[in-house]
Amino acid sequence: MRVSWLVLLAACGSPSGDDAPGDTPSDGSHSALALPPANGGLDYQLGGAYEPPAGVTVVSRDRNAAPAAGIYNICYVNGFQTQPDEGAMWLAENPDLLLHNSDGSAATDPEWP
């Protein structure tokens, strides 16, 4: 059976600096949501965060990674996967939302097709 991967992007950071878009300023007010720069260079970082190459204006990282300074940051969300450190929580709290093998056990890497 062919499996389609769904990758969703969600805002998880913003350019560095005081009162950056998406942050709550110290006075309690809310700033406007900033969109990514048009035609910006994108660095899609899988397997760990690293210093983005020159010319990158948008970086996509795991939601657990710290935002890159001075660059528009987004985090990727992989559909049909859990974070490695959250597997036990999902099994305990939401087992019906996990993919299961024919024997009823939860599918894990490298079992995922």
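Hi everyone, let me start with the charges: searching the whole structure turns up one salt bridge. The partners are E86 and R63, and their closest N and O atoms are 2.5 Å apart. E86 sits in the loop between β4 and α1 (87-93), while R63 belongs to the loop between β3 and β4, so the pair ties together parts that are 23 residues apart in sequence. As a reminder, side chains of opposite charge can pair when their charged atoms come close. R63 itself is partly exposed, at a relative accessible area of 40%.

Before going on, please keep in mind that this is a predicted model. The average pLDDT is 75, and 68% of the residues score at least 70. Residues 1-24 are the part to treat with care, since pLDDT stays under 50 there. For that stretch the model has 52 contacts beyond four places in sequence.

Now the overall picture. The protein has one helix and four strands, and from the N terminus the order is β-β-β-β-α. There are 113 residues, of which 20% count as buried. About 8000 Å² is exposed, with carbon and sulfur atoms supplying 56% of that area. For those of you who like contact maps: take the contacts between residues at least 6 apart in sequence, and 33% of them join residues at least 24 apart.

Let's look at the strands. How many residues of β3 are buried? Six of the seven are, so the strand is largely enclosed by the rest of the structure. β3 (56-62) has a partner in β2 (41-44), and the two pair in the parallel sense over four bridges. β3 also pairs with β4, residues 72-78, again in the parallel sense, over five bridges.

If you want one residue to follow across these strands, pick S60. In one direction, Y44 stands opposite S60 in β3. In the other, the bridge partner of S60 in β4 is I74. Is I74 buried or exposed? I74 counts as buried, because its relative accessibility is 14% and the cut-off for buried is under 20%. I74 can also be placed against D62: the two are twelve residues apart in sequence, and their C-alpha atoms are 8.6 Å apart in space.

Y44 brings us to the surface. Together with L42 and L46, Y44 makes a nonpolar surface patch of about 300 Å². L46 lies in the loop between β2 and β3. With a relative accessible area of 54%, L46 is exposed.

One last stop, for those who check backbone angles. Which residue other than glycine has a phi near 55°? That is N39, and the value is positive. For context, most residues other than glycine have a negative phi. N39 is found in the loop between β1 (7-11) and β2, and N39 counts as exposed at 82% relative accessibility.

So, to recap what to look for on screen: the E86 and R63 salt bridge, the parallel pairing of β3 with β2 and with β4, the patch of L42, Y44 and L46, and N39 with its positive phi. Thanks for listening, and I'm happy to rotate the view for anyone who wants another look.

Conventions: Residues are numbered from 1 along each chain as its sequence is written. This is a predicted model: local features need pLDDT of at least 70, side-chain atom pairs count only at pLDDT 80 or more; totals for chains, interfaces and linings use all residues. Side-chain values use heavy atoms; hydrogens and water are left out. Patches are made of residues with over 30% relative accessible area and no salt bridge: like charges are joined within 9 Å, nonpolar side chains (Val, Leu, Ile, Met, Phe, Trp, Tyr) within 5 Å. Accessible areas come from the Shrake-Rupley method with a 1.4 Å probe; for residues, only the protein chains shown count as cover. A salt bridge is a side-chain nitrogen of Lys or Arg within 4 Å of a carboxyl oxygen of Asp or Glu. Buried means under 20% relative accessible area, exposed over 50%, partly exposed in between (1.4 Å probe, protein chains only). Contact means heavy atoms within 4.5 Å. pLDDT is the predictor's confidence in each residue, from 0 to 100. Two strands pair if DSSP finds at least two bridges between them.
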